[in-house]
Amino acid sequence: MTTVGEFMTTRLVTMDGNDTLVAAAQVMRDSAIGDVVVTDGDSVVGIITDRDITVRGVAENLDPSSTRLNQLTTKDVITVSQYDDSVAAADLMRTYAVRRLPVVEDGRLIGLVSMGDLAVEREPQSVLADISADDPNN
């Protein structure tokens, strides 16, 4: 059994729910990532993605410089443990139609596993794995 902890990402970027969409977009750009985990102290309260900022923020005519992350953050986040089976994590992603799962231990964020991470681990010859393993091109 391959566990989530064997291939989760530990290079985490978190932000507070009171930060703005502009701040999150800048952090994503500077870190070459597509999501930020929104936390309250050590607790995960949500996730916001570049797509959320675009589709749920800008496309809805919200001002990115004044709109707070907690206004758009996907809440009720499904989390996994580093000891969970990678197949179970993939099943959760499929069931809840999400592409990322925070990895928590004793309620504290320790990692993140994405659909791309799973593809690299489980199906290294797939197109998604190839794209996910490549360096960012932006």
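Here is a short conversation about helix packing, salt bridges and nonpolar cores in this predicted model.

User: Happy to start with charges. What makes D52 and R56 a salt bridge?

Analyst: Good place to begin! The closest side-chain N and O atoms of D52 and R56 are 3.4 Å apart. The cut-off is within 4 Å for a nitrogen of Lys or Arg and a carboxyl oxygen of Asp or Glu, so the pair qualifies. D52 and R56 are also four residues apart in helix 2, and therefore separated by about one helical turn.

User: Why is D52 called buried?

Analyst: D52 has 11% relative accessibility, and buried means under 20%, so the label fits. Its partner R56 has 33%. That value falls between the 20% and 50% limits, so R56 is called partly exposed.

User: How do you know that D91 and R94 form a salt bridge?

Analyst: Their closest N and O atoms are 2.7 Å apart, and the limit is within 4 Å, so this pair counts too. D91 and R94 sit three residues apart in helix 4 (residues 86-96), about one helical turn.

User: Which of the labels buried, partly exposed and exposed do D91 and R94 get?

Analyst: D91, with a relative accessible area of 35%, is partly exposed. R94 has 61%, and exposed means over 50%, so R94 is exposed.

User: How many salt bridges are there by this rule?

Analyst: The count is four. Another of them joins R29 and D30, at 2.8 Å from N to O, and both of these residues are exposed.

User: What makes helix 1 and helix 2 a packed pair?

Analyst: Helix 1 (residues 21-31) and helix 2 (residues 50-57) have axes 10 Å apart and pack at an angle of about 145 degrees. The contact uses L21, A24, A25 and M28 from helix 1, with D50, I53 and G57 from helix 2. Five of these residues are nonpolar, one is polar and one is charged. Helix 1 passes helix 2 in a left-handed crossing.

User: Why are V4, F7 and M8 said to belong to a nonpolar core?

Analyst: They are among the 11 residues of the largest nonpolar core, which also includes V80, A89, M93 and L118. Membership requires buried nonpolar residues joined through side-chain atoms within 4.5 Å, so these residues meet that rule. Helix 4, strand 4 (100-105) and strand 5 (108-114) each supply at least two residues of this core.

User: What is M93 in contact with, leaving aside neighbours within four places in sequence?

Analyst: M93 touches V98, R99, R100, L101, V113, S114, M115 and L118. A second, separate core of 10 residues includes A24, M28, L69 and L72.

Key. Residues numbered from 1 in each chain as written. Predicted model: local features only at pLDDT ≥ 70, side-chain atom pairs only at ≥ 80, totals over all residues. Heavy atoms only, no water. Axes fitted to C-alpha atoms, helices over the stretch in contact; angles between N-to-C directions. Left-handed = near helix turned anticlockwise from the far one by under 90°. Contact = heavy atoms within 4.5 Å. Nonpolar A, V, L, I, M, F, W, Y, C, P; charged D, E, K, R; others polar. Buried < 20%, exposed > 50% of the residue type's maximum accessible area, 1.4 Å probe, protein only.
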